[in-house]
Amino acid sequence: MQIHAYAAHQAKDKLAPWDYQKPDLKPNDVEVKISHCGICHSDIHLIDDDWKMSRFPLVPGHEVVGTVTQTGSAVTLLKSGDRVGIGWQSGSCGTCEWCLSGQDNMCSKAQPTCVGRHGGFADSIITSERFAFKLPDNLESENAAPLLCAGVTVFSPYRLYQVKEGMKVAVLGIGGLGHLAVQFANKLGFETTAISGSPDKATEAKDLGAHHFLLNSDPAELKSKANSFDFILTTVSASLDWMPYMNMLRPNGKLCFVGATGGNITVPTGLLLGRQKSICGSNIGGVKVMNEMLEFAAKHQVVAKTEVMPMNQVNDAIEKVRHNQARYRMVLETGDK
Ligand SMILES: [Zn+2]
Ligand SMILES: [Zn+2]
C-alpha cells in the first residue's frame with residue numbers, strides 16, 4: 001500500500017505529489033486517514049531547512065485531523081472510526097521521568113512528526129496511539145487542526161507557569177498563535193491585553209476576547225504600561241528590543257517566549273533580582289496538557305479562525321503563510337471525511 005503525499009525534495013523546494021510505501025504498523029501504532037491538516041510556520045522552517053534538521057524527501061504537516069482506520073495489536077486507547085488529532089510530536093521513550101509525568105515534550109528521545117518520518121500533507125499517516133489525541137465531538141475538524149500545534153503551544157505556558165485567574169496577561173502578536181492565546185486567556189479568566197503593531201487589529205483582538213489593546217509601535221504607549229502585567233506571552237517571530245516588555249512586568253512577572261525569534265535577549269541582571277522578574281519559554285506541550293487543552297477548547301469554544309484550501313493547492317496555501325496573509329491559519333483538506 002502506498003501513501004499519497006506532498007513532499008519537498010530539497011530545501012526551499014515547492015511541494016510535489018509523492019507516494020511512499022506505507023510502513024508496517026508497530027503494536028502501538030494507529031493508521032489515520034487524514035481529512036484536514038493545518039499549515040504551521042514550523043512547516044515552512046522545515047521546508048527551508050532553517051533549523052538544519054530536515055530530512056528530504058520531506059512531507060510537512062503536524063496539525064493533522066483524521067479518522068483511525070487501523071490499529072496495531074497492542075492499541076488500547078483508540079479504535080477504528082475515532083476522530084483524532086496529531087501535533088508536532090509523534091513519539092517519545094515513554095519511560096523517563098518526563099514521559100511518566102505527562103511532559104513527553106521534554107523527553108530526550110522526543111520524535112517530531114515531520115523529521116525522519118512523514119507528516120500530514122498526505123492522505124494517511126501512521127503514529128503511536130499515545131500521540132493521536134481523541135477530539136471532542138463539538139470541535140469542527142477544520143477549526144481543531146490548528147489547536148494541535150498552535151493551540152497547545154499557547155495554552156501550555158499558562159499551565160506550566162501557573163498563570164492564575166484574575167492575573168494581568170498580555171499577548172504580544174495577534175496572528176496564528178496570538179489569536180488563540182487571546183481566546184484562551186479570556187476564557188481562563190485573565191485580564192487580557194493584546195499587543196500588536198497594527199492598529200487595525202484592535203477590533204479583532206477585542207472580538208477574540210482582549211479586554212485592552214496596546215499599540216507597540218508607539219514607545220510612549222509601552223512606557224505608560226510599566227509595571228502592569230504578571231505574564232507577557234510573546235508569539236512574534238521578530239527580534240525586538242525586549243527592555244520595554246521587561247519594564248511592563250510587575251514583580252514576579254514573566255516574559256514567556258513561544259515564538260521562535262532566533263535572536264538574543266540581554267537584560268540587566270538587577271532587573272531579574274530586584275523585582276524577581278523572569279524570562280522563560282515554552283515548547284509545544286505534553287500529552288497531559290494536550291488533552292486538557294482540547295477539552296477546554298471544546299467546552300469554551302476556543303476555535304482557530306481558518307481559511308481552508310484543497311490539499312492539491314498546498315503550494316498556494318504555503319505562499320499565503322509565507323507572506324503572512326493567513327487570517328489566521330491555513331488548513332488543507334483532503335476531501336476525505
Ligand atoms: Zn507547529
Ligand atoms: Zn521519555
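The following exchange examines how several descriptions of this predicted model are reached.

The model is predicted, and local features need pLDDT of at least 70, side-chain atom pairs count only at pLDDT 80 or more, and totals for chains, interfaces and linings use all residues. Residues are numbered from 1 along each chain as its sequence is written, while chains are lettered from A and ligands numbered from 1 in the order in which they are written.

Me: What makes β10 and β13 paired strands?
Reply: Strands are DSSP runs of E with at least two residues, and helices are runs of H or I with at least four, numbered from the N terminus. Two strands pair if DSSP finds at least two bridges between them. Strand β10 (residues 168-172) is joined to β13 (residues 229-234) by 4 bridges, so the criterion of at least two is met. The two strands run parallel, and V171 has L233 of β13 as its bridge partner.

Me: Why are β12 and β15 said to stand at the edges?
Reply: The open sheet has 6 strands in the order β12-β11-β10-β13-β14-β15, with parallel pairing. β12 (212-215) and β15 (278-281) each have a single partner strand, so one side of each lacks a neighbour in the sheet.

Me: Why are α4 and α10 called roughly perpendicular?
Reply: Axes are lines fitted to C-alpha atoms, for helices over the stretch in contact, and angles run from 0 to 180 degrees between N-to-C directions. Angles under 35 degrees count as roughly parallel, over 145 as roughly antiparallel, 65 to 115 as roughly perpendicular and the rest as oblique. Helix α4 (residues 150-160) packs against α10 (residues 287-300) at about 105°, with the axes 10 Å apart. The pair is therefore roughly perpendicular.

Me: Which residues of α4 and α10 meet?
Reply: Contact requires C-beta atoms, placed from the backbone, within 7 Å. G151, V152, F155, S156 and R159 of α4 meet V289, M290, M293 and A297 of α10.

Me: Why is D49 called partly exposed, and K52 exposed?
Reply: A residue is buried if 20 or more other C-beta atoms, placed from the backbone, lie within 10 Å of its own, exposed if 12 or fewer, and partly exposed in between. D49 has 17 other C-beta atoms within 10 Å, and is therefore partly exposed. K52 has 6 such neighbours inside 10 Å, so K52 counts as exposed. D49 lies in the loop between α1 and β4, and K52 has its place in the loop between α1 and β4. Neither is a glycine, yet phi is positive, about 55° for D49 and near 50° for K52.

Note on methods
Contact = placed C-beta atoms within 7 Å.
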